[in-house]
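Reader: I have a model open on my screen and would like to talk through it. Could you take my questions one at a time?

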Amino acid sequence: MVLATIVVLAGCGGGPSPRAWAASVCGALTPWRSEINKLTSSTDEQMTAQTTPAQAKENLVRLFDGAEQASEAARRKVEKAGIPEAENGEAISAGFRSSLGKMRDAYGRARDTIDGLGTGEPTAFYDGVRAAVETLNKEYDASALDTSKLNSEELKQAFDEVPECR
């Protein structure tokens with residue numbers, strides 16, 4: 001009887017420990033942040049480079065597509081990390097996934113907007129790119145994870161301690 005109870009209780013949990021989850025999440029977010037930083041620098045270069053609108057359009061579409069794909073890859077890795085065995089673990093995991101999904105979608109919309117711009121009139125093209133980037137920045141900022149509502153002392157400690165998060 002005791003053995004049966006232990007087996008049933010063991011089956012109820014099963015999520016990763018806070019440290020294991022934090023390590024997985026940071027393992028997903030560290031390369032994503034590096035990729036986004038690289039793409040942001042490349043985007044800034046494209047905005048100031050002496051290229052034709054057609055070249056800039058092709059490059060920016062490719063850059064935003066890369067950011068969209070990187071965001072989705074990070075979201076999938078966080079999803080694969082599971083639900084941490086911690087207070088508010090379900091909500092915290094969902095918050096991370098939702099935030100990355102919103103960032104992915106913002107990059108996709110920016111890509112689609114720029115892809116739809118005509119390149120015949122350079123001033124109009126670059127005005128459209130600036131507007132798309134402004135919208136992207138607003139959507140990106142709005143998608144940031146509100147950690148004030150997702151408190152878990154166990155996870156805070158884990159994020160502070162695991163080497164993957166440093």
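Reader: Which residues do ring pairs link into a cluster?

Author: This is a predicted model, where local features need pLDDT of at least 70, side-chain atom pairs count only at pLDDT 80 or more, and totals for chains, interfaces and linings use all residues. Residues are numbered from 1 along each chain as its sequence is written, and side-chain values use heavy atoms, with hydrogens and water left out. Rings of Phe, Tyr and Trp (its six-membered ring) pair if their centres lie within 6.5 Å; planes under 30 degrees apart are stacked, over 60 edge-to-face, and the rest tilted. The structure has 6 aromatic pairs, and the cluster linked by ring pairs is Trp21, Phe96 and Phe159.

Reader: How are the rings of tryptophan 21 and phenylalanine 159 arranged?

Author: Their centres are 6.0 Å apart, with 80° between the planes. Tryptophan 21 belongs to helix α2 (residues 18-48) and phenylalanine 159 to helix α6 (residues 153-161), 138 residues apart; helices (H or I, at least four residues) and strands (E, at least two) are DSSP runs numbered from the N terminus. The arrangement is edge-to-face.

Reader: Is tryptophan 21 buried or exposed?

Author: Go by relative accessible area: buried is under 20%, exposed is over 50%, and partly exposed is in between (1.4 Å probe, protein chains only). Tryptophan 21 comes out at 0%, so it counts as buried.

Reader: Which helix gives the largest share of the largest nonpolar core?

Author: Such a core is a set of buried Ala, Val, Leu, Ile, Met, Phe, Trp, Tyr and Cys residues joined through side-chain atoms within 4.5 Å. This one has 33 residues, and Trp21, Leu29, Trp32, Phe96, Leu100 and Ile114 touch the most other members. At least two residues each come from α2, α3 (53-81), α4 (89-115) and α5 (122-142). The largest share, 10 residues, is from α3.

Reader: What does leucine 100 touch, leaving out residues up to four places away in sequence?

Author: A contact here means heavy atoms within 4.5 Å. On that basis, the partners of leucine 100 are Leu29, Trp32, Ser71, Ala74, Arg75 and Val78.

Reader: Which cysteines does the disulfide join, and what is its handedness?

Author: A disulfide is a covalent bond between the sulfur atoms of two cysteines, and the search, which takes cysteine sulfur pairs within 2.5 Å, finds 1 in the whole structure. Cysteine 26 is joined to cysteine 165, S to S 1.9 Å. Cysteine 26 sits in helix α2 and cysteine 165 in the segment after α6, so the bond ties together parts 139 residues apart in sequence. The torsion about the S-S bond of cysteine 26 and cysteine 165 is about 100°, so the disulfide is right-handed.

Reader: How do cysteine 26 and cysteine 165 score on accessibility?

Author: Cysteine 26 has 7% relative accessibility, so it counts as buried. Cysteine 165 has a relative accessible area of 22%, which means partly exposed.

Reader: Where is confidence lowest in the chain?

Author: The score is pLDDT, the predictor's confidence in each residue, from 0 to 100. The chain averages 86, and 90% of the residues score at least 70. Residues 1-12 are below 50, with 0 contacts in the model beyond near neighbours in sequence. Confidence is highest in α4, at a mean of 95, and lowest, at 35, in helix α1 (residues 2-12).
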